[in-house]
Amino acid sequence: MDKKISEQNSFIEDENDECSITSSHGRKSHHSEVVKKNLTTRLNRIEGQIRGIKGLIEKDTYCDDVITQIAATQSAINSVAKILLEGHLRNCVVDRLNDGDTEVIDEVLVTIQKLMKK
């Protein structure tokens, strides 16, 4: 388990992971190629899980088995969100706080509320 967390952190902790303002209306995240590859791989796996769930439903698979697969998929989505949130906190939020932008705290609280909503 510690190795898995360490691997996730190694994808996050990269000097090139910065958020910058791209226009007066929005911000853009700059993830390293390693982080993008990690997230893309995870999302591709999740996409496959979703297709698998659809197939289980089409085959009239026992409900409990389908629910188990849904739970696994939700966990995988949560892992992607955790990686993004950690990178956001370590880079974007810290940078904005260092620039004196304390509004970022309210933004993070709203983001966390969205993640916790079920």
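**Entry 1: N91 and helix α3**

I began with N91, which I found in helix α3, the helix that covers residues 63-98. The model I am reading is a predicted one, and I keep that in mind in each entry. I then asked whether N91 is buried or exposed. N91 counts as buried because its relative accessible area is 15%, and the cut-off for that word is under 20%. I also looked up how N91 stands to H30: the two residues are 61 apart in sequence, while their C-alpha atoms are 9.9 Å apart in space.

Next I followed α3 from end to end. The helix has 36 residues and reaches 50 Å from its first C-alpha to its last, which is close to the 52 Å expected at 1.5 Å a residue. Where does α3 bend? I found the bend at H88, and its angle is about 40°. Just after α3 comes G100, which takes a positive phi of about 90°.

**Entry 2: T73, also in α3**

I stayed in helix α3 and turned to T73, which has its place there. T73 counts as buried, because its relative accessibility is 4%. Which residues does T73 touch, once its neighbours within four places in sequence are left aside? I noted I46, Q49, I50 and I53 as its contacts. Of these partners, I46 and I53 appear again among the buried residues of α2.

**Entry 3: helix α2**

This led me to helix α2, which runs over residues 33-58 and has 26 residues. From its first C-alpha to its last, α2 reaches 37 Å, close to the 38 Å expected at 1.5 Å a residue. I listed the buried residues in α2 and wrote down V35, N38, L39, R42, I46, I53 and G55.

L43 lies in α2 as well, but I recorded this residue as partly exposed, because its relative accessible area is 45%. I also checked L43 against V80: the two are 37 residues apart in sequence, and the distance from C-alpha to C-alpha is 7.8 Å.

After α2 comes D60, which lies in the loop between α2 and α3. What is notable about the phi of D60? The angle is near 55°, a positive value in a residue other than glycine. D60 counts as exposed, because its relative accessibility is 68%.

**Entry 4: salt bridges**

I then looked for pairs of charged side chains. Side chains of opposite charge can pair when their charged atoms come close. How many salt bridges does the structure hold? I found five, and I looked into some of them.

One of them joins E33 and K36, whose closest N and O atoms are 3.7 Å apart. E33 and K36 are three residues apart in helix α2, so about one helical turn separates them. I noted E33 as exposed because its relative accessible area is 59%, whereas K36 is partly exposed because its value is 40%.

R96 took me longer. The side chains of R96 and D101 meet in a salt bridge, at 2.9 Å from N to O. R96 also forms a salt bridge with E107, where the closest N and O atoms are 3.0 Å apart. This second pair links distant parts of the chain, since R96 is in helix α3 and E107 is in helix α4, with their positions 11 residues apart in the count. R96, D101 and E107 are therefore linked in a network of salt bridges. I compared the two ends of the pair for cover: R96 counts as buried because its relative accessibility is 11%, while E107 is partly exposed because its relative accessible area is 32%.

**Entry 5: a nonpolar patch**

On the surface I looked up a nonpolar patch of about 250 Å², which is made by L97, I105 and L109. L109 has its place in helix α4, which covers residues 103-116. L109 counts as partly exposed, because its relative accessibility is 46%.

**Entry 6: the whole chain**

Last, I stepped back to the chain. Its secondary structure comes to four helices and two strands, and read along the sequence the pattern is α-β-β-α-α-α. What share of the 118 residues is buried? I wrote down 24%. The accessible surface comes to about 8800 Å², and 54% of it belongs to carbon and sulfur atoms. Among contacts between residues at least 6 apart in sequence, 49% join residues at least 24 apart.

Notes: Residues numbered from 1 in each chain as written. Predicted model: local features only at pLDDT ≥ 70, side-chain atom pairs only at ≥ 80, totals over all residues. Heavy atoms only, no water. Patch = residues over 30% accessible without salt bridge, like charges linked within 9 Å, V, L, I, M, F, W, Y side chains within 5 Å. Areas by Shrake-Rupley, 256 points an atom, 1.4 Å probe, with all protein chains shown as cover. Salt bridge = Lys/Arg side-chain N within 4 Å of Asp/Glu carboxyl O. Buried < 20%, exposed > 50% of the residue type's maximum accessible area, 1.4 Å probe, protein only. Expected span 1.5 Å × (residues − 1). Bend = angle between axes of the 7 residues up to and from the residue. Contact = heavy atoms within 4.5 Å.
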